[in-house]
Amino acid sequence: MARLIDEARRELVEHIIPFWKGLRDDVNGGYVDLVDFDLTRHPDADKGCILNSRILWFFSEAYLLLKDASLLDEARHAYAMLKRMTDDANGGVYWALHADGAVADGTKHTYNQGFAIYALSAYYRASGDTEALERAKALFDVVEGRCRDANGYLEAFTADWQPESNEKLSENGVMASRTMNTLLHVMEGYTGLYTAEPIPAVREKLVEILDILEKHIWNPVKRRQEVFFDLDYNTLIDLYSYGHDIETSWLADKTLDALSDEALTARIRPILMAMADETYGEALTERGFMNECERGVADGKRVWWIQAEALLGYLNAFERTGEARYRDAVVSQWHFIRNEMIDPRPGSEWYAYLEPDGTPMPLPIVDPWKCPYHNGRMTFEIIRRNPDIEV
């Protein structure tokens with residue numbers, strides 16, 4: 001049998017990194033944002049800030065882990081594009097640019113600002129470039145000054161910071177004024193910034209975010225997070241987002257580690273372990289992890305990012321609890337990812353979605369959301385944690 005860490009390193013070094021290096025766009029800047037299912041590349045497609053931020057984060061963290069100078073060069077390339085995506089006059093990052101650099105979508109979304117903070121903080125840690133850290137701090141000020149009210153974080157704004165409807169982070173037929181997903185990734189971005197520099201104001205906001213998670217997002221009766229809300233945190237739909245729950249179970253735990261507050265950890269970690277336990281019973285199968293459950297009807301599609309987050313969530317739960325069922329879930333998830341989620345075609349990466357029977361859905365291999373963030377992060381965490389798990 002092989003060790004999980006060895007297989008994760010091989011997937012990272014021999015597959016994920018070469019694929020994304022191969023999408024570098026030295027003509028327009030950044031990286032190619034659209035690769036069809038048939039592997040046709042579209043270098044003239046719009047360039048999304050979410051994809052570029054995640055690529056910047058990916059190559060920065062890959063360099064910190066592997067110390068390969070070529071990875072830092074890729075991160076510098078992504079950083080140059082993120083600077084072009086920044087509105088230096090009004091503050092914040094745009095949603096997308098055209099390939100020629102003109103603004104394609106000027107929406108300033110709180111979710112996007114969080115990922116840019118995350119990426120800039122990682123790039124600063126990798127490169128030592130203080131300009132990147134100052135940009136991350138400026139975006140923190142933008143989020144706190146523009147993207148929230150007294151009760152928490154809001155969603156979408158125009159380029160000049162007028163409120164606009166939240167189509168981009170609303171799904172399932174609702175229009176949300178607040179979302180669990182945006183809160184989660186603001187937390188993630190702030191955790192990255194706090195790791196780069198332990199700023200007291202950032203720490204204060206992280207504690208507030210965990211309080212919101214506990215008081216408004218977590219449903220202790222159903223043992224899940226609610227997903228879409230009105231301004232008063234009334235939930236808008238009966239939706240169980242299995243992937244976000246297992247992602248939160250380990251990602252918020254990482255925030256607790258960064259804050260190192262025993263009382264806060266004692267209060268929040270049991271919620272996170274309850275999320276892992278609930279998804280174990282509801283969404284984990286012998287062939288991967290299900291997508292979501294809306295109004296009692298489960299969606300059995302297998303989504304690339306959810307498979308990676310499920311493996312990490314159960315790895316974290318195994319480390320916290322020592323329960324063998326979570327170790328076995330890690331092994332099962334890796335087998336599914338290796339055998340079915342990874343696209344075996346030369347020049348490809350992971351499939352985006354599989355039908356419940358395992359048939360790949362003909363969706364792009366790269367699009368503005370399909371990126372090396374989830375699967376790359378899975379390999380980073382396995383390598384750093386070095387679990388004694390054979391697969």
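A crossing of two helices is left-handed if the near helix is turned anticlockwise from the far one by less than a right angle, and right-handed if clockwise. That definition serves the first stop of this tour, where α2 passes α4 in a left-handed crossing.

The model is a predicted one, in which local features need pLDDT of at least 70 and side-chain atom pairs count only at pLDDT 80 or more, while totals for chains, interfaces and linings use all residues. Residues are numbered from 1 along each chain as its sequence is written, and side-chain values use heavy atoms, with hydrogens and water left out.

**First stop: α2 and α4**

Select residues 49-66, which form helix α2, together with residues 110-127, which form helix α4; helices here are DSSP runs of H or I with at least four residues, strands are runs of E with at least two, and both are numbered from the N terminus. Two packed helices are described by the angle between their axes and the distance between the axes. The axes of α2 and α4 come within 8 Å and cross at roughly 25°, where an axis is a line fitted to C-alpha atoms, for helices over the stretch in contact, and an angle runs from 0 to 180 degrees between N-to-C directions. That angle makes α2 roughly parallel to α4, since angles under 35 degrees count as roughly parallel, over 145 as roughly antiparallel, 65 to 115 as roughly perpendicular and the rest as oblique.

Now show the side chains where the two helices meet, including Trp 57 and Tyr 63 in α2 and Phe 115 and Tyr 123 in α4; contact means heavy atoms within 4.5 Å. Sorted by class, this contact has 15 nonpolar, 3 polar and 3 charged residues, with Ala, Val, Leu, Ile, Met, Phe, Trp, Tyr, Cys and Pro counted as nonpolar, Asp, Glu, Lys and Arg as charged, and the others, Gly among them, as polar.

**Second stop: α2 and α3**

Keep α2 in view and add residues 69-84, helix α3, which packs against α2 at an angle of about 155°, with the axes 8 Å apart. The two helices are therefore roughly antiparallel to each other, and their crossing is left-handed. Among the residues that make the contact are Leu 56, Phe 59 and Tyr 63 of α2 and Leu 72, Ala 75 and Tyr 79 of α3. The residues of this contact divide into 15 nonpolar, 3 polar and 1 charged.

**Third stop: α5 and α6**

Move on to residues 130-146, helix α5, and residues 180-196, helix α6, which pack at an angle of about 140° with their axes 11 Å apart. That makes α5 oblique to α6, and the crossing of this pair is left-handed. Here Leu 133, Ala 136, Lys 137, Phe 140, Val 143 and Glu 144 in α5 meet Tyr 190, Leu 193 and Ala 196 in α6. The contact of α5 with α6 has 7 nonpolar, no polar and 2 charged residues.

**Fourth stop: the cysteines**

How many disulfides does the structure hold? The number is 0, a disulfide being a pair of cysteine sulfur atoms within 2.5 Å. Select Cys 147 and Cys 49 to see one reason: the sulfur of Cys 147 has its closest cysteine sulfur in Cys 49, and at 13 Å that is too far for a bond. Cys 147 counts as buried, at 0% relative accessibility, where buried means under 20% relative accessible area, exposed over 50%, and partly exposed in between, with a 1.4 Å probe and protein chains only. Cys 293 also counts as buried, at 13% relative accessibility.

**Fifth stop: two loops**

In the loop between β9 (218-219) and β10 (224-225), select Arg 223, a residue other than glycine whose phi has a positive value, near 55°. Arg 223 is partly exposed, with a relative accessible area of 25%. Then go to the loop between β11 (228-229) and β12 (239-240) and select Tyr 233, whose phi is near 65°, again a positive value in a residue other than glycine. Is Tyr 233 buried or exposed? Tyr 233 is buried, with a relative accessible area of 12%.

**Last stop: Ser 249 and Ile 389**

Ser 249 lies in helix α8, residues 242-259, and is buried, with a relative accessible area of 0%. Leaving aside neighbours within four places in sequence, Ser 249 is in contact with Leu 272, Met 273, Met 275, Ala 276, Gly 313 and Asn 316.

Finish at Ile 389, in the segment after α12 (373-385), which is buried, with a relative accessible area of 3%. Not counting residues up to four places away in sequence, the residues that Ile 389 touches include Ala 2, Leu 4, Phe 318 and Val 330. Leu 315 is 74 residues from Ile 389 in sequence, and in space the two are 9.7 Å apart, C-alpha to C-alpha.
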